[in-house]
Amino acid sequence: MFFQKDNKTFEINMDNIPQHIAIIMDGNGRWAKKRALPRKAGHKAGAETLEKIIGHCSKLGVKHLTVYAFSTENWKRSQEEVDAIMDLLRQYLNVYFKRFLKDNIRLRVIGDRSRLAQDIQESIMENENRTKDKDGLCVHIALNYGGRDELCRAVKKAAKDVETGNLKAEEITEDVIASYLDTADVPDPELVIRTSGEERISNFLLWQVAYSEFYFTDALWPDFTDKMLEEAIYDYQNRERRFGGR
């Protein structure tokens, strides 16, 4: 596959597409502010961009796409903005995602969903059940998710199993810890993309990104395009991944 940039043509190696891409979708609010629009308009535009990127990842043969939709820290935002995000989430689960049912796309949600409204939890379960047998792209939406919170929940589950005798302390390995995470049985992301010019992890997949390649772009999330995704993949393919070796 080819794409053009600055009047030059670049080729993506379709045999080296990252199987798991994670995206920190940053910049919705700034996108709206630049246009003198309410923040909820930025979130709506961001949701539309996500729909396009999901479709393109599926087309490219990506197996897992994890997106940071709402963090454990996002509850600190104004009630108006939180309510707008939750209403948009309802629309995404009930309208947007159903468009992908015919496209062999699976939905999973990571994070502590217990704080989400009951109707949202039910919509999540419905979509997960309806798509559980799909074997194409799996979209993991991080909702009320924080990397530290995930690790705390994993430790508590492991500790409980030690207490009940189902796990011995000396049996705990990296693989055992990973099995208690929200992403159990999912390969770690090879490529992490963050939009809007920020260059930090922001409590996202702290365990899983130990050896991920990071790609930062100044583009605000609603402006992120299929071509920009291809540029990120091309950049990834031209890095040497040594995993601490030589």
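This report describes the nonpolar cores, two unusual backbone positions and the pockets of a predicted model.

**Nonpolar cores**

In soluble globular proteins, nonpolar side chains tend to be buried together. The largest nonpolar core here has 45 residues, and the members that touch the most others are Ile21, Ile23, Ile54, Ile193 and Leu229. Helix α3, which covers residues 79-96, supplies the largest share of this core, with eight residues. Another core lies apart from it and holds ten residues, including Ile110, Tyr145, Val192 and Val209.

The surroundings of Ile21 can be listed in detail. Leaving aside residues up to four places away in sequence, Ile21 is in contact with Val62, His64, Leu65, Thr66, Leu191, Ile193, Leu229 and Ile233. Two of these partners, Ile193 and Leu229, are also named among the core members that touch the most others.

**Positive phi angles**

Most residues other than glycine have a negative phi, and most peptide bonds are trans. Asn104 is not a glycine, yet its phi is positive, at about 60°. Asn104 sits in the loop that runs between α3 and β5 (106-110). With a relative accessible area of 30%, Asn104 is partly exposed.

Asp185 also has a positive phi, of about 70°, and is not a glycine. The loop that holds Asp185 connects α6 (174-179) and β7 (191-194). Is Asp185 buried or exposed? Asp185 counts as exposed because its relative accessible area is 81%, and the cut-off for exposed is over 50%.

**Pockets**

Rolling a probe the size of a water molecule over the atoms shows where empty space is left. The table sets out the two largest pockets.

| Pocket | Volume | Lining residues | Closest to the centre |
|---|---|---|---|
| Largest | about 780 Å³ | 30 residues | Met25, Tyr68, Ala69, Asn74 and Arg77 |
| Second largest | about 200 Å³ | 13 residues | Asp188, Trp207, Gln208, Ala210 and Tyr211 |

Which element gives the most to the lining of the largest pocket? That element is α2, with five residues. At least two lining residues come from each of α1 (28-34), α2 (39-60), β4 (64-71), α3 and β6 (138-145). Helix α3 thus appears both in this lining and in the largest nonpolar core.

By class, the lining of the largest pocket consists of 14 nonpolar, nine polar and seven charged residues. In the second largest pocket, the lining is made up of six nonpolar, two polar and five charged residues.

Methods
Residues are numbered from 1 along each chain as its sequence is written. This is a predicted model: local features need pLDDT of at least 70, side-chain atom pairs count only at pLDDT 80 or more; totals for chains, interfaces and linings use all residues. Side-chain values use heavy atoms; hydrogens and water are left out. A nonpolar core is a set of buried Ala, Val, Leu, Ile, Met, Phe, Trp, Tyr and Cys residues joined through side-chain atoms within 4.5 Å. Buried means under 20% relative accessible area, exposed over 50%, partly exposed in between (1.4 Å probe, protein chains only). Helices (H or I, at least four residues) and strands (E, at least two) are DSSP runs, numbered from the N terminus. Contact means heavy atoms within 4.5 Å. On a 1 Å grid over the protein atoms alone, a cavity is a set of points where a 1.4 Å probe fits but cannot get out, and a pocket is an open set with protein on both sides within 12 Å along at least five of seven lines; lining residues have an atom within 4 Å of a point. Grid points are joined across faces, edges and corners, and a volume is the space filled by probe spheres set on the points. Ala, Val, Leu, Ile, Met, Phe, Trp, Tyr, Cys and Pro count as nonpolar, Asp, Glu, Lys and Arg as charged, and the others, Gly among them, as polar.
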